[in-house]
Amino acid sequence: ALKLRRDPEGRLSDAEAALDREGVQNALHDLRRRAKRLRYEFEIAGPLLNRDESGAVDYLRSIQDALGELQDVRVIEAFLDRLDPAEQPSERFRHWLRDRRSAALEQWRRLRRERGGPALALVADAALP
């Protein structure tokens, strides 16, 4: 969460502008890869342990989808930024990309509010003696 801060002169600083956007995007992409690995482990371990982990698998798949969408938009925008002005797509396409990013962010926020209920329950149960 962004917090409002005051600069040395007492003015509110622009916390969002100070964000390391590349670092945040890299962290989310890494999280996506980790969720994928964990999902694969649940898919393999569940049948071996005679457990139904479908809720956790679905939750992790949703994380992958949302964060994958964010990464796709990131890659497309980076490509577009390298194009000459004459080769740039229409504003309508840029608007479509922004809509995709917004939808993926909203999905990610919703998933975060769920706090991984199905996945965490499976991990907690597995940790019991």
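1. A salt bridge here is a side-chain nitrogen of Lys or Arg within 4 Å of a carboxyl oxygen of Asp or Glu. Glutamate 106 and arginine 113 meet that definition, with their closest N and O atoms 3.6 Å apart. Glutamate 106 is partly exposed, at a relative accessible area of 41%. Arginine 113 is exposed, at 56%. Note that the model is a predicted one.

2. Overall fold. The chain has four helices and zero strands. Along the sequence the pattern reads α-α-α-α. Among the helices are α1 (21–48) and α2 (54–81), and α3 covers residues 91–114. Take the contacts in the chain with a separation of 6 or more: 60% of them join residues 24 or more positions apart.

3. Burial and surface. The chain has 129 residues, and 23% of them count as buried. The exposed area comes to about 9400 Å². Carbon and sulfur atoms supply 54% of that area.

4. Nonpolar core. In soluble globular proteins, nonpolar side chains tend to be buried together. In this model the largest nonpolar core holds 13 residues. Phe42, Leu60, Ile63, Leu67, Trp108 and Leu111 touch the most other members. Helices α1, α2 and α3 each supply at least two residues of this core. The largest share comes from α2, with eight residues.

5. Isoleucine 63. Which residues does isoleucine 63 touch, not counting those up to four places away in sequence? The contacts are Ala35, Gly68, Trp108 and Leu111. Two of these names, Trp108 and Leu111, also appear among the core residues that touch the most other members.

6. Salt bridges in general. A search of the whole structure finds 11 salt bridges. Some of them are joined up: Arg39, Glu43, Asp58 and Arg61 are linked in a network of salt bridges. Two further pairs follow.

7. Aspartate 81 and arginine 94. The side chains of these two residues meet in a salt bridge, at 3.7 Å from N to O. The pair links distant parts of the chain, with aspartate 81 in helix α2 and arginine 94 in helix α3, 13 residues apart. Are the two partners buried or exposed? Aspartate 81 is exposed, because its relative accessible area is 57% and the cut-off for exposed is over 50%. Arginine 94 is buried, because its relative accessible area is 19% and the cut-off for buried is under 20%. A reviewer may wish to keep that value and that cut-off side by side.

8. Surroundings of arginine 94. Leaving out residues up to four places away in sequence, arginine 94 touches Leu80, Asp81, Gln88 and Pro89. Asp81 in that list is also the salt-bridge partner of arginine 94.

9. Glutamate 91 and arginine 98. This pair forms a salt bridge too, with the closest N and O atoms 2.7 Å apart. Arginine 98 is partly exposed, at 35% relative accessibility. Glutamate 91 counts as exposed, at 52%.

10. Aromatic rings. How many aromatic pairs does a search of the whole structure find? The search finds one. The rings of phenylalanine 93 and tryptophan 96 have their centres 5.4 Å apart and their planes at 35 degrees. The pair counts as tilted because planes under 30 degrees apart would be stacked and those over 60 edge-to-face. Both residues lie in helix α3, three residues apart, which is about one turn of the helix. Phenylalanine 93 is partly exposed, with a relative accessible area of 29%. Tryptophan 96 is partly exposed as well, at 41%.

11. Nonpolar surface patch. Ile44, Leu48 and Leu49 make a nonpolar surface patch of about 370 Å². Leucine 49 lies in the loop between α1 and α2. Its relative accessible area is 57%, so leucine 49 is exposed.

Notes. Residues numbered from 1 in each chain as written. Predicted model: local features only at pLDDT ≥ 70, side-chain atom pairs only at ≥ 80, totals over all residues. Heavy atoms only, no water. Buried < 20%, exposed > 50% of the residue type's maximum accessible area, 1.4 Å probe, protein only. Contact = heavy atoms within 4.5 Å. Phe/Tyr/Trp six-rings, centres within 6.5 Å; stacked < 30°, edge-to-face > 60°. Patch = residues over 30% accessible without salt bridge, like charges linked within 9 Å, V, L, I, M, F, W, Y side chains within 5 Å. Areas by Shrake-Rupley, 256 points an atom, 1.4 Å probe, with all protein chains shown as cover. Core = buried A, V, L, I, M, F, W, Y, C linked by side-chain atoms within 4.5 Å.
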